[in-house]
Amino acid sequence: MSGDQPQANDPADSPLTREEEQDIREHQSLNSVSLYAVTHREGLEELKRPFMSLWWSGVAAGIGISTSVLAEGILHTVFAGSDSQFALENLGYTVGFVLVIMGRLQLFTENTLTVILPLLTHRSWHMLGCLGRLWGIVFVANMAGTLLAAFMMYGLHAVPTEYIEGMNAISRHYAELAFSEAFSYGIISGFLIAAIVWMKPSVQDAAFFVIVMFTYLIAIGNFTHVIAGSTELFLLAMQGDITIGHAANIIFATLLGNITGGTCLFALLAHGQVAHEIEPD
C-alpha cells in the first residue's frame, strides 16, 4: 500500500499554480541562515575592495553622517522653546544614516558586523589581517570625513551661525560624558547599527523606515555613535570649547563601545545561532 501513497513534494498534489508558488518564494521571509549568507557575502566583497575605493567611500561616509548633526542643529534652532523640541530635533539624527547606509558608503560601525562574519567562518591570521586593514582604512577615512565636514561648516562658514549654535548645544551633552558613559552608551548604538545591517536583506523596500526607526532610538536615547559623535567633538574643539585630547578620549571610549555592541554581542550571537547549520560536525 505504501507504493500508492502520494509524494509530499509532488507538484500534482499542490493546490497552487506554478506562478503562485513562485510568488510565495519571492515574498517568503529569509531565514537566519539566508540572512547570514547574504551578510557574509557582503563582508567578503568589502574585504576584497582596493584601498582607494575604501578610502574615498569612507571619507564620503564621514561627510554624509555629519548631516545628522547639521539636521539636529537646524531642528534644535527652529523648534526652540517648543515642548516637543527634544523629540523633533532628534529626527534630524536619522538623516545622515539614511544617506550613508542607503548610499552604500563605508561606515565603520556597519563593518563591525559584515566583515566579522567571514572571520568567524574562516578563522585564520590572513582573514584577521584583512579585517584589520579594512577597519583601519575605513575608520581613519570616516574621521577625515567628519573633520572635513566640521571645518566646512564652522571654519568656512558654510552653515549660518544660528545653526552652528544649535549644533553646539546638542554636542555639549556628548562632550560632557565620562569615559565609562561614552563606552557603555556606545554598546547599545553598536548593537542597533549591526541590527540594521542584519535586517536589510529581509526588509528590502522598508529599509528606509528601519534605518529611521533604529537611529531615532539611538538619538532619543542619548546613545553614542563614534562617527556621528566625532563631528560634534570636532566642532567643539575648533571653537576651543574642548581640547583635542578630550575629544580623542571620548572618541576612543565610544569606538570601544560600538565594537563591543556590534561585534562582541550582535556578530557573535548572529554566528552562534547558525553555526551548527553552516559548519560541518
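**Notebook: Met152, its patch, and helix α5**

I looked up Met152 first and found a relative accessibility of 31%, so this residue counts as partly exposed, the class between the 20% and 50% cut-offs. I placed Met152 in helix α7. I note here that the model is predicted.

I then checked what surrounds this residue on the surface. Met152 belongs to a nonpolar surface patch of about 580 Å², together with Leu147, Leu148, Phe151, Tyr154, Leu156 and Met238. I asked which element gives the patch its largest share. Helix α7, residues 125-155, does, with five residues.

Next I turned to helix α5. Is α5 enclosed by the rest of the structure or open? I found seven of its 10 residues, within the run 93-102, to be buried, so α5 is largely enclosed by the rest of the structure. I listed the buried ones as Tyr93, Thr94, Gly96, Phe97, Val98, Val100 and Ile101.

I looked up what these buried residues pack against. The partners are α3 (51-78), α4 (85-89), α9 (179-203), α10 (207-220) and α11 (226-238). I also checked the backbone after the helix: α5 is followed by Arg104, which has a positive phi, near 60°.

Last, I checked confidence. The chain has a mean pLDDT of 88, with 87% of residues at 70 or more. I marked residues 1-14 separately, since pLDDT stays under 50 there. For this stretch I found three contacts beyond four places in sequence.

Technical notes: Residues are numbered from 1 along each chain as its sequence is written. This is a predicted model: local features need pLDDT of at least 70, side-chain atom pairs count only at pLDDT 80 or more; totals for chains, interfaces and linings use all residues. Side-chain values use heavy atoms; hydrogens and water are left out. Buried means under 20% relative accessible area, exposed over 50%, partly exposed in between (1.4 Å probe, protein chains only). Helices (H or I, at least four residues) and strands (E, at least two) are DSSP runs, numbered from the N terminus. Contact means heavy atoms within 4.5 Å. Patches are made of residues with over 30% relative accessible area and no salt bridge: like charges are joined within 9 Å, nonpolar side chains (Val, Leu, Ile, Met, Phe, Trp, Tyr) within 5 Å. Accessible areas come from the Shrake-Rupley method with a 1.4 Å probe; for residues, only the protein chains shown count as cover. A salt bridge is a side-chain nitrogen of Lys or Arg within 4 Å of a carboxyl oxygen of Asp or Glu. pLDDT is the predictor's confidence in each residue, from 0 to 100.
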